[in-house]
Amino acid sequence: MTATDLPMPAPGGLDLVPTTDETQKAKDYTSDQEVRWCPGCGDYAVLASVRGFLPELNLKRENIVFVSGIGCSSRFPYYLDTYGMHSIHGRAPTIATGLAVTRPDLSVWVVTGDGDALSIGGNHLIHALRRNMNITILLFNNRIYGLTKGQYSPTSEVGKVTKSTPMGSVDAPFNPVSLALGAEATFVGRALDSDRKGLTEVLRQAAAHRGASLVEIFQDCPIFNDGSFDVLRKGDDVAERLLELVDGEPIRFGNDGEYGVVRSATGGLEVARIADVGEDAVVVRRAGEEDPTQSFALSRLSDQDLTHTVTGIFRKVDRATYDDGARAQVEAAKEQATARGDDLAALLRGKDTWAVMPEPENEQ
Amino acid sequence: MSTDTAVGPAGREVRQTHRVVIRFAGDSGDGMQLTGDRFTSEAAAFGNDLATLPNFPAEIRAPAGTLPGVSSFQLHFADYDILTPGDRPDVLVAMNPAALKANIEDLPHGGMLIVNTDEFTKRNLAKVGYEANPLEDDSLEPYTVHQVAMATLTRGALEPTGMSKKDAERAKNMFALGLLSWMYHRGTDATEQFLREKFAKKPDLAEANILAFRAGWNYGETTESFAVTYEVAPARLAEGTYRQITGNLALAYGVVAAGQQSGLPLFLGTYPITPASDVLHELSKHKGFGVTTFQAEDEIAGIGAALGASFGGALGVTSTSGPGVALKSETIGLAVALELPLLILDVQRGGPSTGLPTKTEQADLLQAMYGRNGEAPVPIIAPQSPSDCFEAALEASRIALAYRTPVFVLSDGSIANGSEPWRVPDVDDLPDLSVTFATEPNAPDGSGEFWPYLRDADTLARPWAIPGTAGLEHRIGGLEKADGRGTISYDPDNHDRMVRLRQAKIDGIPVPDITVDDPHGDAEVLVIGWGSSYGPIGAACRRVRAAGMSVAQAHLRHLNPMPANLGDVLRSYRRVVVPEMNLGQLAMLLRARFLVDAHSYTKVAGLPFQAEELAGVLTDAVKGDLPA
C-alpha cells in the first residue's frame, strides 16, 4: 500500500458551479410551499437570511441542492426553490456525499439539527468533516428535540428537565464546534439565528470555502426551549457574553472593549480584564492557522452556559477534498484507459480464454 | 469414474474419465485456495467444464493445525456440462491431520487419498484428537492412500536456492499442485507463467514456487507409486469464447457493463463485508470505465451516498451481505419513496446476526421482500450460478433504471466465491440501458410547473429530473407525496392511492415466464428453487431421470415480481417440492400467493445442497413420499 499525492483543491467552494448574469432576488428562492414552523421559531430568521443571501452567489438556481435529515430544521429544503431532498434521520451527509462526489457542478448544502447531526447522525457528520467533502452543513442547534415534542438533545445542558428526563438529564452535552474541530473540519463557524448580518457573513465564507464547512446556528425553539439563547440577545451584559471573532485583530469584547482573551496558565485561553493584564497580552485572532489549538480553546472559553460565547469563523484552512481527489483518480484512470484503448469487450474477455469450436459434422 | 483404459508412456496406465472431483484441504496458511484456483485455471484452459466450491473459516489465520483452521477447495471438472462442484471428492489431498480428519468422511470408499506425511507428528495428531496415527493403523484401509512427504521433498528441491527450511516448506502447496497436474495430464507452462507474474516483484519466491511445482510433477513421473494417470477430455460446450469466472467477479463486471450500457456514471457506495468485499475490490480497479467507488464509514453511509449519486443522475449501487441489508433498510425504504434507481447487491451468508460470514445461505429472501417499514415493494433478482451474476446485474439495472426503483440482487457465498466457465458475451448483444432525463415542465394543467410524481402511463415510473436542469427545481423526500404534483400530502385518500401505485408499479414490471424442464412431459413432481441451488437441483433431476423416473424442474430468477405464469405452472403438477437453504421462505411465499401445497425441503448447513441428497428427496417425492 502506497500513499500518493492528492491534487490540491480548486481555490473556491463554488468555482465549478455555473453562474448566471441574471439578477436574483430572495423571492426567486422562495418555493410555493407554505412554511409550517411554529410562530416565533428561529428557523424563520435563518430561512430569511439564506433566501436573502443565496442571490449574492450568482449561481444558477438549478445547480443548488439542499439536503436535510429529519427534524424541524430539516423541513428547510421544502421552502427553497432549489433542488432538494428531505431524507432520513441523520443521513443527510451521506446523501450529500454521493451527490458532491458525482456532481462537481452543484453547490451542495446540508441542513440538520442538534439531534439529527449529533445523535443519530454523529458518525456521518464526523466522517464528512474528516473527508473534507465539498459541502456546507448548517447545524441548527436549539438544544432540544422539537419535532418529537420536547425531549433533551445531545447539546442540552446537564440537568435539563424534559418529558423524557423529569428528574433532569444526566448526560454531558457535546460542544459542536469542539467536535467539528476534533473531526478535522477545515471550516467551522457559528452565528446566532437573529443576527442576520453575522450569519450572512459566516454563510458567505462557508460557501466560498472548498471542502466541508460546518456552521453552527444557535436557534430558538419557542415551544420546548423558549428563550434558551436570550442572554445573548438582550440585557445589559450581552456585550460581555458575545465575542465576535475578527481575523487578524486582538480578541477584545465588552461594552467598551474592556475584556480580552489571553493565554491561561494551563495552556488554553481565558477571559481577562485588559486593565489587569495589559493590551499586549490579548491574543490576536488567526482563523487560517493550520494548528487548531487557538480555535479549539476559543470553542471552550466557557462552559456551554453561554457565559462567554464566541461567534464568527473558528477555522478556515485549505486541505485536499475527498470529492476533488476521487474525481481526479477517475479522470486519470479514464485517460489511461483511453490511451491503452481499453474497452468493455476486452475487460469481459480477460487474459485467459479458450475457444469452443462448433461440433464437426459427421463424415459419411 | 473410469471408462476407457489405455497404456501410456513408460508402461503406465492412462484412464479416460468423464469427470473428476478433487478436494485440496489444508491449514488456512497452506495456500489451499490458491492451489485450487490454479488447478481450476488449468482445467479451464484445457477446456473442461468445471465448478468450484471454496470453503474456508472466517478467521484469517485460525491456530495452525487445528480443525477450525482447515481450509479446503473442491473442484469438479468434466468433459460434459456439469452443474455442481460435486458432492464428494474422488481425490482428497490432505496437507495435515486436521485436514484429514475434517474431510475423510466425505471421501467415498475406494477414493484416492494423497497425504502430506510430514505434518503427521505426535503433536499435530494430538491437536485434533487422533490417539493413533491413522497412517499407521488400518483406519484408512478403505481408500487408495498415497503417502508423500511433501514438505521434505519440497525442502530438498529448494535446497539449491539457499532458502531457510521454513520458507522452503511453505511452497509445498505448489508441490501438491505439480503432482496433481501430472496425474491429470495438465501442462506446466501456464502455471509457471502465473507464478512468475504473481511474484513479479519477488523473483526468488517465483523461482522457489516453480521449483516446488516441478518437483511435484517430477515426483509423479519418476516414482512408481502412481501406477495410473487420468485424462478428462475437453467438454463439448456451446460454441464460443470462454473464460473462468467467479460470482463476485461476474457481478462486478455486470455492474461495469450496466454503467457502459446506460451511459451513466457508476457510483458504488459500500462498506467492506464478507463475502461481498470482492465486488468493491474489483470495481475499484475499473475507474477507467467511469466507476467511482466510495468506501463509506458504515453500511448506511454506503447506501446513502449511492442514493445521493442516483439523485444526481448516476447509477447508484451498494454491495453488502445480510447484516448490511439490515442496516440499509431505512434507506431502501427512502429509495422506494423517492422512486430513484438503486442497485442493492446482497451476497448472502449464514445468519442470523454475524452468523457464518464465510458460509453460504439463502435466508435473506424475506428480508429483501419485506424487511422495511410500511408497504415498500422492491424487485428481487437471484442469479443461479457464478457466471449468471453478470446477467442478473444487467437485468437488475434495467429494472432499476426503467422503473426508478431500488432492486435487489440476491447472490450468495457459494456462487460469489465459486467459479465456472463463462461464455463471454458479445458486447454488441448487451441490452441498451440508456435513460432519458426529464428536461421540460410537465404539469398537465399547463401551469409550466414540474410535477415530479406524474407517472408514465405505461411503466408508472416517475420522471427523473436531475439537479442542474433549469425550470425543474423540485423537492423530494420520505414524507408522503401528493400523486402527481409531489408536494407533501397527508391526505388519507392520496396515501391509499400512492401505496397502491407504488405496489402496482413493481407488480407491473414485465418479467419472462418461468420455463419448465420436463423432458418427457409426464412428470407429476415439480421441483422449484431459486438462486444458487439451481446446480444441485438440476444435477439431482438428472440422477432421478437417469434412474428412469420423471421429474420437472423450474427455477425462479425473478422473485419479485414473480412470473405471470407461475401459478399455472405450480398448479399443473400433483406435487411441488421447494428445496431451499433456509427454513422455507420461498415455499411460504408460494403457498401464500398461489394456495398450492408446496413442500419445503430445507438445509442450513452453510454449504450448498448435494445432488445425491436432493436426488433422494425427489425420488421419494416421485414415489409419493413428500418432505414433511
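Tutor: Before we look at helix packing, one definition is needed: a helix axis is a line fitted to the C-alpha atoms over the stretch in contact, and the angle between two axes, taken between N-to-C directions, runs from 0 to 180 degrees. Keep in mind too that this is a predicted model.

Student: How should I describe a pair of packed helices, and at what angle do α2(A) and α11(B) pack?

Tutor: In general, two packed helices are described by the angle between their axes and the distance between the axes. In this structure, α2 (92-102) of chain A packs against helix α11 (residues 299-311) of chain B at an angle of about 50 degrees, and the two axes are 6 Å apart. An angle over 145 degrees would count as roughly antiparallel and one under 35 degrees as roughly parallel; α2(A) is therefore oblique to α11(B). The crossing of α2(A) and α11(B) is right-handed.

Student: Which residues make that contact, and how do they divide by class?

Tutor: From α2(A) the contact takes T94(A), I95(A), A96(A), T97(A), G98(A), L99(A) and T102(A), while the residues from α11(B) include I300(B), G304(B), L307(B), G308(B) and F311(B). By class, the contact of α2(A) with α11(B) has ten nonpolar and six polar residues, and no charged ones.

Student: Where does α2(A) stand within the whole interface between chains A and B?

Tutor: Across the two chains, 53 residues of chain A are in contact with 58 residues of chain B. Several elements of chain A each supply at least two residues to the side that touches chain B, among them β2 (83-86), α4 (122-131), α10 (322-340) and β12 (354-356). The most is given by α2(A), with eight residues. The residues on this side of chain A divide into 24 nonpolar, 17 polar and twelve charged.

Student: How would a helix pair inside one chain compare, and what is the angle between α7(B) and α8(B)?

Tutor: Helix α7 (residues 189-198) and helix α8 (residues 203-222), both of chain B, pack at an angle of about 160 degrees, with 8 Å between their axes. That value makes α7(B) roughly antiparallel to α8(B), and the crossing of this pair is right-handed. The contact is made by T191(B), E192(B), L195(B) and R196(B) of α7(B), together with A206(B), N209(B), I210(B) and F213(B) of α8(B); these residues divide into four nonpolar, two polar and two charged.

Student: Turning to strands, which residues cover the two faces of β2(A)?

Tutor: The general idea is that in a regular strand the side chains alternate between the two faces of the sheet. In β2(A), Y83(A) and M85(A) lie on one side and G84(A) and H86(A) on the other, and all of these are buried, so that both faces are covered.

Student: Which strands pair with β2(A), and in what sense?

Tutor: Within chain A, strand β1 (residues 64-68) pairs with β2(A) in the parallel sense over four bridges, and S68(A) stands opposite H86(A). Across the interface, strand β18 (residues 475-477) of chain B also pairs with β2(A) in the parallel sense, over three bridges, with I476(B) as the bridge partner of M85(A). A further link between the chains is antiparallel: three bridges join β12(A) to strand β10 (residues 240-246) of chain B, where the bridge partner of A355(A) is T241(B).

Student: How do I recognise an edge strand, and which strands stand at the edges of the sheet β8-β9-β10 of chain A?

Tutor: This sheet is open and its three strands, in the order β8-β9-β10, pair in the antiparallel sense. The strands β8 (252-253) and β10 (269-273) of chain A stand at the edges because each has a single partner strand, which leaves one side of each without a neighbour in the sheet. Over two bridges, β8(A) pairs with strand β9 (residues 259-263) of chain A, and R252(A) stands opposite G260(A).

Student: Finally, why does L559(B) count as buried?

Tutor: A residue is buried if 20 or more other C-beta atoms lie within 10 Å of its own. L559(B) has 22 C-beta neighbours inside 10 Å and therefore counts as buried. This residue lies in strand β22 (residues 558-560) of chain B and, leaving aside neighbours within four places in sequence, is in contact with L365(B), I380(B), A382(B) and W530(B). For chain A as a whole, buried residues make up 47% of the 364 residues.

Methods: Residues are numbered from 1 along each chain as its sequence is written. Chains are lettered from A and ligands numbered from 1 in the order in which they are written. This is a predicted model: local features need pLDDT of at least 70, side-chain atom pairs count only at pLDDT 80 or more; totals for chains, interfaces and linings use all residues. Two residues are in contact if their C-beta atoms, placed from the backbone, lie within 7 Å. Ala, Val, Leu, Ile, Met, Phe, Trp, Tyr, Cys and Pro count as nonpolar, Asp, Glu, Lys and Arg as charged, and the others, Gly among them, as polar. Two strands pair if DSSP finds at least two bridges between them. Angles under 35 degrees count as roughly parallel, over 145 as roughly antiparallel, 65 to 115 as roughly perpendicular and the rest as oblique. A crossing is left-handed if the near helix is turned anticlockwise from the far one by less than a right angle, and right-handed if clockwise. A residue is buried if 20 or more other C-beta atoms lie within 10 Å of its own, exposed if 12 or fewer, and partly exposed in between; C-beta atoms are placed from the backbone.
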